[in-house]
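This report goes through selected local features of one model. It covers contacts, burial, helix packing, backbone geometry and cysteines.

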Amino acid sequence: MTHQVVVIETGDRFDVAADESILDAARRNGVQIHSECEFGGCGTCRIQVVKGRVHYEDDFLPMSVSDEEHAEGFAAACQARLHEDVEISLANHIVSLPASHELVLEVAEVKDLCQGIRQLVLQGEALKDIEYWPGQYVNIDMGDGQQRSFSIANANSADGCLSLHIREIEGGRFTQKLLPTLQHGAKLKVTMPLGTFYYREKDWRPMVFVATGTGIAPLRAMLESLLDNDDCPPISLYWGMRNEADLYQMAEFEAWASRLYEFEFVPVLSQPSAQWQGRSGYVQDAIMADFDDLSEHAIYLCGSPAMINDARRQFVERGADADFIYADAFNLQHDLVGQDLKAEVA
Ligand SMILES: Cc1cc2nc3c(=O)[nH]c(=O)nc-3n(C[C@H](O)[C@H](O)[C@H](O)COP(=O)(O)OP(=O)(O)OC[C@H]3O[C@@H](n4cnc5c(N)ncnc54)[C@H](O)[C@@H]3O)c2cc1C
């Protein structure tokens, strides 16, 4: 029996098994909760439960949580277990993200990037003053209370434009039905910026970027933000696609190589033609083949949830520190729970 945790600041959701702590389940799902002693003594992993209740083994409160604090909803994530679904605040575990805004933007362009993937460019004067961090995403309002999430592919919107790379989903209301019909000037309501996937400037480790499909979009934004930057760490970018024709970002990344510090770009194809001379198979397996030790790397994963889960498991076995694996899974739908995404600095 599992119960679900929803993080109000980010909308992240993850399941917690009956015998599992919230901290362990969060870690398994790539949700960061800082921790230290992990026996309930230090309070580093303190979270606030804003809906529902947690319990502890044998009903003993951990040392770091008083009766009063328990009553107010404070909990030690390393010891807390669930009998019901809960909503939690991780404000202390998240840096101060740029504030999110609702904007009405105009469609500037919809064009094919390759078979089944389109670029949607949105424009608006308001974008010139909006701050976001490369890696974050937008929610597009469907007008019926539903939203669709897409990562921002450009490093900043100082020119008043936002670029999204959108994979067509079979039967998809937005990606297959609405998107191809959007004309220049059509208006879309978006909420942005959202999400906690962004380039960790203070993490100086060499970086391994791993994407499948349009998961390349937020990594493209991060790379663009690092062009000609003297503080750019070494970057190895692995991009999993099906075949040669899918590699729509190839020329640009190759051209960027001289403007990034020690940049290596490795496309990995799952269904290449017989002529393909490069790497083939699953993108995460290519990294496992290339790195004997990942303990000194910061790892950024973006794209299919299956790749992310598999990569995370394999990379930790290869020495990667879970605290330095940053991930954005393109789940089916990303319902936002909290609208005010401005969190306190830890
Ligand atoms: C934070 C975040 C960022 C994202 N960024 C991007 C991005 O930059 N580019 C991009 O192409 N996608 C991205 N996605 C995925 C994207 O949001 C979905 O593909 C999109 O919502 C599908 O909308 P739709 O209306 O076309 O499909 P729907 O009408 O909602 O769904 C149609 C059918 O397809 C299934 N389906 C929907 N989405 C997916 C999916 N992703 N994979 C497999 N099956 C699916 C549904 O279960 C349903 O059966 C992101 C998702 C998240 C959570």
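Contact here means heavy atoms within 4.5 Å. The model is predicted, so local features need pLDDT of at least 70 and side-chain atom pairs count only at pLDDT 80 or more, while totals for chains, interfaces and linings use all residues. Residues are numbered from 1 along each chain as its sequence is written, and side-chain values use heavy atoms, with hydrogens and water left out.

**Pro98 and Pro193**

Helices (H or I, at least four residues) and strands (E, at least two) are DSSP runs, numbered from the N terminus. Pro98 sits in the loop that links strand 7 (86-89) to strand 8 (101-114). With neighbours within four places in sequence left aside, Pro98 is in contact with Glu131, Tyr132, Trp133, Gln136 and Pro193. A residue is buried under 20% relative accessible area, exposed over 50% and partly exposed in between (1.4 Å probe, protein chains only). Pro98 has a relative accessible area of 6% and is therefore buried. From Pro98 to Leu179 the separation is 81 residues in sequence and 28 Å in space, C-alpha to C-alpha.

Pro193, one of the contacts of Pro98, belongs to strand 13 (residues 187-194). Its relative accessibility is 1%, so Pro193 counts as buried. The peptide bond between Met192 and Pro193 is cis, with omega about -10°. Pro193 and Glu102 are 91 residues apart along the chain, and their C-alpha atoms are separated by 9.2 Å.

**Strand 1**

Val5 is part of strand 1 (residues 2-7). At 0% relative accessibility, Val5 counts as buried. Not counting residues up to four places away in sequence, Val5 touches Asp12, Arg13, Phe14, Val16, Leu82, Val86 and Ile88. Val5 and Phe209 are 204 residues apart along the chain, with 28 Å between their C-alpha atoms.

**Helix 4 and positive phi values**

Helix 4 (residues 216-226) is largely enclosed by the rest of the structure, because nine of its eleven residues are buried. These buried residues are Ile216, Ala217, Pro218, Leu219, Arg220, Ala221, Met222, Leu223 and Leu226.

Most residues other than glycine have a negative phi, and most peptide bonds are trans. Asp228, just after helix 4, takes a positive phi of about 60°. Asp228 lies in the loop between helix 4 and strand 15 (235-241). Glu262 also has a positive phi, near 45°, in a residue other than glycine. The loop between helix 5 (250-256) and strand 16 (263-269) holds Glu262. With a relative accessible area of 51%, Glu262 is exposed.

**Helices 6 and 7**

Two packed helices are described by the angle between their axes and the distance between the axes. Axes are lines fitted to C-alpha atoms, for helices over the stretch in contact, and angles run from 0 to 180 degrees between N-to-C directions. Helix 6 (residues 283-290) packs on helix 7 (residues 305-317) at an angle of about 15°, with the axes 9 Å apart. The two helices are therefore roughly parallel to each other; angles under 35 degrees count as roughly parallel, over 145 as roughly antiparallel, 65 to 115 as roughly perpendicular and the rest as oblique.

Helix 6 passes helix 7 in a right-handed crossing. A crossing is right-handed if the near helix is turned clockwise from the far one by less than a right angle, and left-handed if anticlockwise. On helix 6 the contact is made by Val283, Gln284, Asp285, Ile287 and Met288, and on helix 7 by Met307, Asp310, Ala311, Gln314 and Phe315. Six of the contact residues are nonpolar, two polar and two charged. In this scheme Ala, Val, Leu, Ile, Met, Phe, Trp, Tyr, Cys and Pro count as nonpolar, Asp, Glu, Lys and Arg as charged, and the others, Gly among them, as polar.

Gln314, in helix 7, is buried with a relative accessible area of 12%. Leaving aside neighbours within four places in sequence, Gln314 is in contact with Gln284, Asp285 and Met288.

**Cysteines**

The structure holds zero disulfides, a disulfide being a pair of cysteine sulfur atoms within 2.5 Å. For the two cysteines below, the closest cysteine sulfur is too far for a bond.

| Cysteine | Closest cysteine sulfur | Sulfur distance | Relative accessibility |
|---|---|---|---|
| Cys114 | Cys302 | 16 Å | 9%, buried |
| Cys232 | Cys302 | 18 Å | 4%, buried |
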